[in-house]
Amino acid sequence: MATGVAAWLPFARAAAIGWMPVANCPMPVAPRDNHKRQDELIILNVSGRRFQTWRNTLDRYPDTLLGSSEKDFFYNEETKEYFFDRDPDAFRSILNFYRTGKLHYPRHECISAYDEELTFFGIIPEVIGDCCYEEYKDRKRENLERLQDDQEENKDMKLPKLNFRETIWRAFENPHTSTMALVFYYVTGFFIAISVITNVVETVPCGSTTNQKDMPCGERYTVAFFCIDTACVMIFTVEYLMRLFAAPSRYRFMRSVMSIIDVMAILPYYIGLVMTNNEDVSGAFVTLRVFRVFRIFKFSRHSQGLRILGYTLKSCASELGFLLFSLTMAIIIFATVMFYAEKGSSSSKFTSIPASFWYTIVTMTTLGYGDMVPKTIAGKIFGSICSLSGVLVIALPVPVIVSNFSRIYHQNQRADKRRAQKKARLARIRIVKSGSANAFLQSKRNGLLNELLELTGTEEDEQKLIKSTSLLESQHHHLLHCLEKTTCYPVCSLQAHEFVDEQMYKQNRLETALQNDPSRSPSICSHDSSVGTCCSHRVKRNAALPSVSVPSTHPIPMHQGPLQELRAIHIQCGDLPSHTTSRSNLNLKTDDSGRINCRGAQITTAIICLPTPSALTPDGDGLHGPPQQRPPPPLGHPAAPSIQTTTSSAGTNIIKVSAL
Amino acid sequence: MLSAIWEAEGLQTVGIVVLVCASIKLLHILGLISFSEDSVEDELELSAVRHRPEGLEQLEAQTRFSRKELQILYRGFKTECPSGIVNEDTFKDIYSQFFPQGDASTYAHFLFNAFDTDHNGSVSFEDFVMGLSILLRGTVQEKLNWAFNLYDINKDGYITKEEMLDIMKAIYDMMGKCTYPVLKEETPRQHVEVFFQKMDKNKDGVVTIDEFIDCCQNDENIMRSMHLFENVL
């Protein structure tokens, strides 16, 4: 039942009295309205703007948020109103829906914001009134297209490894993907141009030779043109065959327009080769040469504008059809009229109706060659009417086609713009993300430092070091920390995985790749083994506090690169010899070194470096993503022979302290 | 030869005539000349008649509703019909929405006539509220009177079998097609027979108001059902 007429239900019920006298059976009992409350005003406070309405108004649509008991969740006891923390402007149209039963879409509102509001309040968009529904749907479709474009581009970015065939196909479709593809693209473009130019120049008269008449250049320099033609056709053939080979669906490729154009571009040549000596069909052969002009269509692969034009014409097929049809009608009418009008005049060129077609077409398109002109007065009158109507008929469908073209063209522009802006956007997003990741790492260090300082017991340093992070941040960091601790290896042998900075991660991978030679014994920092060296931290000895760009200056020869090193607190449990391929002998029981560096530490966004074994390949987005989902290292791992631990093997419960 | 000349001249004439007519029409469209004495202006469509009800006190006096109830009724009424009056089509629309499975338009027509006491083709708020007052707060006598009025289509004081049949068919129409057991053609007719047997005491083929009221007052079911909707509103 339409709830908009709920107000009339009492009336309908009352009118049912009219059935009573004729009823044969007794009536059922009426439902009682127990809590018969008077209609009351409800206050809806939406972000400070107060809306008031009758409770009955809201009750009209019981399957929405405001009409059901769901709004009780938003009831504020103290102020006796319902508080919603939403956009008050959008709420206006939603409340009007309850009042009038029609939902309107305000044009200035962003479509996705509006959609969200509708979803929040439990209203389906289908109830939007007819007046606004079209606009809503249009905007929604546009938005979807935009999002789809984005998604498609994202898909491009992440590609699995392709085999040879797919690589070639991709190279053909997107020449920008590799240099070879780009080179090939330009080369083919060049040859298309050459081919078209030669076709044209072939027919130019080239100056006379001993014969009196001018020969076209094609006949004069037959050999040269033939060579050029051969070269072009060879390139085109090679290209076509390669495309055919690489196409994911050969049948579909062969049916596509571009491939047909390709075939038509090269066929005349081959047919010509076959048929050169046959004079009878040389006429037909000459016709075939006409098809060589189709090579110019191959340019559409190279030019986006041409493609857009073609697509526009395809999508405006109905308008073009209408144009053609109306023109034909008008031509026939006017040709008939002109013929009969000019029949009387002598030496009239309007010999038949089809002959008048030519006059009509030329007049309607305002060409006016002047080879056929009416001479009688009637003919002139009708001729002028013809030209006026021609202008009108042609001018009508053209704007539709133009607007279609403009829409498609702008869509393309937008896509290009988006692609160009995307890089900058992604870079900025990455910076923000890494900023937050760094904040986490730093707060972790702060936390560790606090622990340390508690051990050493200095108050004022603690105060200095406690940076005030907001509650949200600290809770978030605590969460990440818990996650790290969760992914501890069950034996709790130092294998808690930790977040690391992306750059660090990359460097580590590079390092592990480089450091594959076992001969470097003390450089245990990274092994290619499956040792989960994640917990090992390199420790910087004796050095000054690391600033961001200090290269490692420790004496142990390692492929450091510009790695930032820090000491980290590293709690090991279990009595395994420390796998920490850190130069742990340097820092074993280290309070002193720790202490030295802890005092007056500068807080920099230093980074814990975690060499990661190359055997395990976490996913590429090292940003702050989930910690590396490694399978727990094999149990036999503690005894992995390749580890050379130079740690003093006290082993158990070694605490290393990190310094900032 | 002559025919050719005539053809040419004929066409010439036709051409000139066409030209002249077209130019006259163009001027007419542009508004530069007008044909008839009464100038062609846009006919002002009379906007919908708007109606304002009498004051609240008067309505309170005339009906048995309290002030608050009248307020609530009026608000609902005005929301649905902002112009203040209901015409028959709107009335049918509204009433049909309560009976989606059948065709309520015929019955709504009868109902409209019953509410439209002054027979001016539209139901104003006063008519509406007076009708409701009788139905919801009236005595049994008044209600029966109202029902009689409803059945008596031509308002001549007698209910004939044809009138009753019309009403009955309208009521059965509201049930729609999907009933169980399936409604047969003669079901309304049979129902009318039963009704007349019960009501028509003197068997003269019509039911007068007195017969009607007498009969209903003696019928338990009917009396009980009259009180059914008393707590509506």
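The bend at a residue is the angle between axes fitted to the seven residues ending there and the seven starting there. This is a predicted model, in which local features need pLDDT of at least 70 and side-chain atom pairs count only at pLDDT 80 or more, while totals for chains, interfaces and linings use all residues. Residues are numbered from 1 along each chain as its sequence is written, chains are lettered from A and ligands numbered from 1 in the order in which they are written, and side-chain values use heavy atoms, with hydrogens and water left out.

**View 1. Helix α11 of chain A and its kink at L267(A).** Helices (H or I, at least four residues) and strands (E, at least two) are DSSP runs numbered from the N terminus. Helix α11 covers residues 257–275 of chain A, 19 residues in total. From first to last C-alpha, α11 reaches 27 Å, close to the 27 Å expected at 1.5 Å a residue; the expected span is 1.5 Å times one less than the number of residues. The kink, of about 30°, lies at L267(A), shortly before the proline P268(A). Buried residues of α11(A) include M258(A), I261(A), D262(A), I266(A), P268(A) and Y269(A), where buried means under 20% relative accessible area, exposed over 50% and partly exposed in between (1.4 Å probe, protein chains only).

**View 2. The salt-bridge network that includes D262(A) of chain A.** A salt bridge is a side-chain nitrogen of Lys or Arg within 4 Å of a carboxyl oxygen of Asp or Glu. The network links E239(A), R243(A), D262(A), K298(A) and R301(A). Within it, R301(A) and E239(A) meet at 3.7 Å, N to O. R301(A) lies in the loop between α12 (282–290) and α13 (304–315), and E239(A) in helix α9 (residues 222–246), so the pair ties together parts 62 residues apart in sequence. Both R301(A) and E239(A) are buried.

**View 3. The salt bridge between R50(A) and E81(A).** The closest N and O atoms of the two side chains are 3.0 Å apart. The pair links distant parts of the chain, with R50(A) in strand β2 (residues 49–54), E81(A) in strand β4 (residues 81–84), and the two positions 31 residues apart. R50(A) counts as partly exposed, at 48% relative accessibility, whereas E81(A) is buried at 4%.

**View 4. The salt bridge between R86(A) and E117(A).** Here the closest N and O atoms are 3.3 Å apart. E117(A) belongs to helix α4 (residues 111–120), and R86(A), 31 residues away in sequence, to the loop between β4 and α3. R86(A) is partly exposed, with a relative accessibility of 21%; E117(A) is buried, with a relative accessible area of 8%.

**View 5. Residues 517–660 of chain A, where the pLDDT is below 50.** pLDDT is the predictor's confidence in each residue, from 0 to 100. Chain A averages 72, and 65% of its residues score at least 70. Beyond near neighbours in sequence, the stretch 517–660 has 282 contacts in the model, a contact meaning heavy atoms within 4.5 Å.

**View 6. Chain B, with 11 helices and 4 strands.** Of the 233 residues of chain B, 36% count as buried. Among its contacts with a separation of 6 or more, 57% come from residues 24 or more positions apart.
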